[in-house]
Amino acid sequence: MPLVVDRLVKRFGSVVALDGLSFEVPRGQVFGFLGANGAGKTTTMRIALGVLRPDGGTIAWDGIRSEDLPRTAWGYLPEERGLYPRMTILDQLVYFAGLYGVPRDRAARLVREWLARFRVPEFADRRAEQLSKGNQQKVQFLAAILHDPDVLLMDEPFTGLDPVNVALLREAFLELRDRGKTIVFSTHQMETAEAMCESVAIVDRGRVVVGGPLREVKRSTGRRMVILGIEGDHRLEWLSAVPGARVIRPGMDRSEIELDAGVEPGALLAAAIARDLRVTHFEIADASLEQVFIDHVGRPADEDMRLAPADGPASDGRNDAPGSEAAAGADVSAA
Amino acid sequence: MSRHDPILPNAGIVARQEYASRVHSGLFHVSTLLLATLAVLVAFVPFFVRVVEGRTVTTIGVVSTDDPLAQRSISILESVLNTAGGSGGRSFRVVREVDERNAVSRVEAGSLDAVLIANRLPNGQLAFVFHAGEGLGEDRLQQISVGVFGVAVLDYSANNPLSGFRLPSVDLLRAASPGGGSQPISGAEYAGRRIVGIVFVVLIFITLVIYGMWVAAGVVAEKTSRVMELMISAASPRQLVVGKVAGIGAAGLTQMLGILVPAIAAIAIEDPLAAAVLGPGPSVAPSMAGLSVALVAAFLVYFALGFVLYALIYAAAGSLVSRAEDLQMLALPLSLIAIVGYLQAVLALTGGTAGFVRFASYVPFWSPFVMLTRLAVGRVEAWEVALSLGLLVVAIGLIFVVAVRVYAAGVLLYGQRPGLRAITRAALGAR
């Protein structure tokens, strides 16, 4: 296992940011580091980079501890995006690459090549302040990869990007993976992680709640999903009579139905047949990563991006979280 | 961090970037041009004054109870001060004054330019006291000294006393300000050295405070634009701090040269220009008599070390704030340390080398000002210079360690006002 994070502990005063966090990432994989804001993702990356010192535990790549690794081993895309506003893109990328030991002429050539691949060759001579946020992000991505690092640490790389840039960046990620790079990216967008990651770790309050290959993590709650199509019935109102089943994504043709742990998919099929309905589609699938996250953590990863319930102040919803997490934990053990 | 990060080449890359980004900025060009223009204008002030004053008459009074002595003094001073080489655009009128006290108070009030009091002591020696008003140039004082010597020689040849020729005693007094009393000065050389001392102290003060703020503002700008996040993963805090201080220091030095060189050139052409415009005359240019190679070397050493010391503190302070507005609040307390040193240097310039000024000239934060002034105007033992430089270097070493630690922790702080505890923790190396 090339990238090993082992029992990492970090405290800021009385706040415990990392509480014995451990996970492993196989070489050449895309790894999703999933958690809500404040879960400890950025702190973990900063420790790997040597910007922060852990209070306990280690991070190692290829058997070498992070403090003994050269800076060039890592490529880092920070969550807080920033460039020198008045410097041209070419100048600042050559500057950053220079700090990683890339000669100026080689860096300039790489910058022009990559800008052309992102279909924006004209950016080379523009100042950063003239670019949109999304385009600045592409530039920062280049800042992280020009020195050809073994491991890419990308902190929320897709946040704030428009769909076109998300697609471009995704493609670039996969290309780098195919070149043998190991990519760790943190996100609270479960769909992105599901689409790209071979393995993931779900973190909450500085601990890994569940981690491993994506498929294993998705099956970790014992919860299943059924994709069901019934001729002439897209409302599926009869489902309310089936315990432990509910529609999470209704559709005119097919709907996604989530089953609680312990509820057999066959029971759903039997209930439909018993009602004399014509089943046109029946597929058993794994639970969505989003649901898995909620099951393990007790709340969605992007909870703080949603409105709190109208019947109480926003802070109440947050204060409830530990209680609901305990309930979720009980569910897991029952499964 | 236990990772081994040699200072070079990254500090060099950062320094080059910092230097280029400042020296190539429009603001740098404009401010250098403005300050250089100002410096040249200031250098030309004596010339302008001469042009405006034209051929005004400078009146010097002579007070003496001895009539022949008074007459001799008047005729000698008039001829010495009004010779072709000595009068230039001005003419001097030397008149007899009756009452000594009245004449001196007129000098202090400015209605008389100077007064010479000539007395014959019981042993036959001549004693001269010269009260010079503020309007009388330093170069005149030497001519007065020569003049009174001539008076003494003439007086001796006229009287031929048995006791033989005695050198006259001369006290030169400068009226400081109305009611401020007079203080002894030792002549033109002292004045020249004082001018150099003032210029150096002002220069060092301005450079430390202004270029120190450049360092702090640079750090804050990187935090505000969040580019700091990229920088701290690409280079170590030591590399960043060293590169920043070196690059901005070099940019500051460039600006200083851009201001000083035209000013010195202006001083150099001032006399020929004055001769061409106003006709032959005495020097109008500020005296650079006190400017020795050793003093320039001392200035450069104290500037470099002083800048490093202050810039390190400014870098650490800059890392603790997130916005440019917050930096303004830090600016005053930061410059207070330098202001205290500056004031003591001014104290040393006015002749007071009291115990505290001597002590301050060893203290690292103040020695760039105070020791430099003492070197310019007074006598300083070699061991004193060695001690102050040694302490300065040791202080830089200590401040460097603390500043890098504060910087490493500070650059990650956003939005929060760092408390004293957080700063102390950072200084102790917690991250």
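These legends walk through a few close-up views of a predicted two-chain model.

Residues are numbered from 1 along each chain as its sequence is written, and chains are lettered from A, with ligands numbered from 1, in the order in which they are written. As this is a predicted model, local features need pLDDT of at least 70 and side-chain atom pairs count only at pLDDT 80 or more, while totals for chains, interfaces and linings use all residues.

**View 1. The open sheet of chain A.** Six strands (DSSP runs of E, at least two residues, numbered from the N terminus) line up as β6-β7-β8-β3-β9-β10 in chain A, with mixed pairing. Strands count as paired if DSSP finds at least two bridges between them. At the edges sit β6 and β10 of chain A, each pairing on one side only. From one strand to the next, the twist averages 15 degrees; axes here are lines fitted to C-alpha atoms, for helices over the stretch in contact, and angles run from 0 to 180 degrees between N-to-C directions.

**View 2. A parallel pair and two helices on the sheet.** Strands β3 (residues 30-34) and β8 (residues 182-187) of chain A run parallel, joined by five bridges. Here A:Leu34 stands opposite A:Thr187. Helix α1 (residues 41-49) of chain A packs on the sheet, and its direction makes about 145 degrees with that of β7(A). Helix α5 (residues 163-178) of chain A packs on the sheet too, touching β3, β7 and β8 of chain A. Helices are DSSP runs of H or I, at least four residues.

**View 3. The hairpin of β9(A) and β10(A).** These antiparallel strands, residues 199-204 and 207-213 of chain A, share six bridges. A:Val203 faces A:Val208 across the pair. Two residues lie between the strands, and A:Arg205 takes a positive phi near 50 degrees.

**View 4. Where chain A meets chain B.** In this view, 23 residues of chain A are in contact with 18 residues of chain B (contact: C-beta atoms, placed from the backbone, within 7 Å). The largest share of chain A's side, four residues, comes from α2(A).

**View 5. Around B:Ala315.** B:Ala315 is among the residues with the most contacts inside the largest nonpolar core, which has 162 residues. Such a core is a set of buried Ala, Val, Leu, Ile, Met, Phe, Trp, Tyr and Cys residues joined through C-beta atoms within 7 Å; buried means that 20 or more other C-beta atoms lie within 10 Å of a residue's own. Beyond four places in sequence, the contacts of B:Ala315 include B:Val215, B:Lys244 and B:Tyr407.

How values were computed
A residue is buried if 20 or more other C-beta atoms lie within 10 Å of its own, exposed if 12 or fewer, and partly exposed in between; C-beta atoms are placed from the backbone.
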